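Let's walk through this structure together, one link at a time. Please keep the sequence and the 3D view open as you read.

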Amino acid sequence: EKISNVETFNEGSDIVLVCEVSGGRPRPNVTWYLDNSVIDESFEHRTDGKTVNHLSYPNIGRQHLNARLVCVASNTNLTPPNNKVVILDVNLKPIAVHIMTKDRFVSADRTYDIECKSSGSKPQAVITWWKGNKQLKKLTKNFNEPDNQSLSILTYTPSRDDDGKYLTCRAENQYIEGSGIEDKWRLVVHYQPTTHLKMGSSLNPDDIKEGDDVYFECVIQSNPKPYKMSWFHNGKELHHNISAGVILSDQSLVLQSVSRASAGDYNCLAVNSEGKGSSNPVTLRIRCKYLLILLISQYTPLTR
């Protein structure tokens, strides 16, 4: 009689099935069919009265999903053949995964909902998120969609340290080892400037005298690069003025032939599209040149 059952196989695996038939006179022929095509007629009559056909079918693919493997035993045209049907249920690998929106850049400390979709897997793919080699387990929501598609949404707040790192969406069928596929997004993170002001390394801040030349360096971390830089002395903005000995160049400030009026606190300010950052103050102390005046007076001793 006809008997059917469902067997599950992984895509890419090999099918090994054995069809055994007992009895029959004359001894039956045992044949395997894939749907309506003969794929194996190599049976064996054993001494125990059984007729056996060992089927080995390699590399099951998605085209075999719901296909029918039929073992048919027949010994005469006078009686209908007996058969057993195996319906193939195939676990399929994902064939596509995409991060849906890859912005040209993101801003540090702002929150984004990033979507990733996968298709082709059966059952639906399991989607995971990674930053470098670290899995991001929190703030993810996964959804199963029609046609064996998967959707995952990552709520993510990048930091300035994420600039240049890769965010990865990985989709895999949990039943098929090595089925994972990935889509990567190289993060470009914009952040407001941070600035650090220091006096020139060749200077001794405790031994600056009137008439000396002094320079400061403003160390900036910024993405994108600043479009404006400003320098301040005691809260008042400085401007490039060669005749006054104030020279502004890129990220440095040069004061030529300083005077006592040059003493005080200096700081720098950098501005980009994300905001602005003001540096620490650096105090300039100036040792004055003292003029020693010796007064000599002549006097006439009093006489009585």
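A residue is called buried under 20% relative accessible area, exposed over 50%, and partly exposed in between. With a relative accessible area of 43%, Glu20 therefore counts as partly exposed. Keep in mind as you go that this is a predicted model.

Glu20 is a good place to start, since its strand comes up several times below. Strand 2 covers residues 15-22, and Glu20 sits on its uncovered face together with Val16, Val18 and Ser22. The covered face of strand 2 carries Ile15, Leu17, Cys19 and Val21. Why do the two sets of residues take turns along the strand? In a regular strand the side chains alternate between the two faces of the sheet. Strand 2 also has a partner: strand 6, residues 50-57, runs antiparallel to strand 2, and eight bridges join the two. To find your place in this pairing, look for Val16, which stands opposite Ser56 of strand 6.

Now follow the uncovered face to the salt bridge of Glu20. Its side chain meets that of Arg46 at 3.9 Å, N to O. A salt bridge requires a distance within 4 Å, so the pair at 3.9 Å qualifies. Arg46 belongs to the loop between strand 5 (43-45) and strand 6, while Glu20 is in strand 2, which puts the two partners 26 residues apart. Like Glu20, which is partly exposed at 43%, Arg46 is partly exposed, with a relative accessible area of 26%. The two do not stand alone either: Glu20, Arg46, Asp48 and Lys50 are linked in a network of salt bridges.

Turn next to the covered face of strand 2, where Cys19 is found. Which cysteine does Cys19 bond with in a disulfide? The partner is Cys71, and the two sulfur atoms are 1.8 Å apart. This disulfide joins distant parts of the chain, with Cys19 in strand 2 and Cys71 in strand 7 (residues 68-74), 52 residues apart. The torsion about the S-S bond is -85 degrees, and the link is left-handed. Both ends are shielded: Cys19 is buried at a relative accessible area of 10%, and Cys71 is buried at 3%.

How many disulfides does the model have? The count is three. Moving along the chain, another one joins Cys116 and Cys169, with the sulfur atoms 1.9 Å apart. Cys116 lies in strand 11 (residues 112-119) and Cys169 in strand 16 (residues 166-172), so this bond ties together parts that are 53 residues apart in sequence. Its S-S torsion is about -90 degrees, so the disulfide is left-handed. Cys116 and Cys169 are both buried.

The remaining pair to visit is Cys218 and Cys268, whose sulfur atoms are 2.1 Å apart. Here Cys218 is in strand 19 (residues 214-223) and Cys268 in strand 24 (residues 264-272), 50 residues apart. With 75 degrees about the S-S bond, this link is right-handed. Cys218 is buried, with a relative accessible area of 2%, and Cys268 is buried at 0%. Counting the bonded cysteines along the chain, the disulfides follow the pattern 1-2, 3-4, 5-6.

Let's close with the salt bridges, of which there are 14. One of them joins Asp162 and Lys131 at 3.0 Å, N to O. Asp162 is in the loop between strand 15 (149-156) and strand 16, and Lys131 is in strand 12 (residues 126-131), so the contact ties together parts that are 31 residues apart in sequence. Is Asp162 buried or exposed? Its relative accessible area is 2%, so Asp162 is buried, whereas Lys131 is partly exposed at 23%.

Strand 16 brings you to another salt bridge, that of Arg170 and Glu182, at 2.7 Å, N to O. Arg170 is in strand 16 and Glu182 in strand 17 (residues 181-186), twelve residues apart. Arg170 counts as partly exposed at 23% relative accessibility, and Glu182 counts as partly exposed at 37%.

Key: Residues numbered from 1 in each chain as written. Predicted model: local features only at pLDDT ≥ 70, side-chain atom pairs only at ≥ 80, totals over all residues. Heavy atoms only, no water. Buried < 20%, exposed > 50% of the residue type's maximum accessible area, 1.4 Å probe, protein only. Helix = DSSP H or I, 4+ residues; strand = E, 2+ residues; numbered from the N terminus. Pairing = 2+ DSSP bridges. Disulfide = S-S within 2.5 Å.
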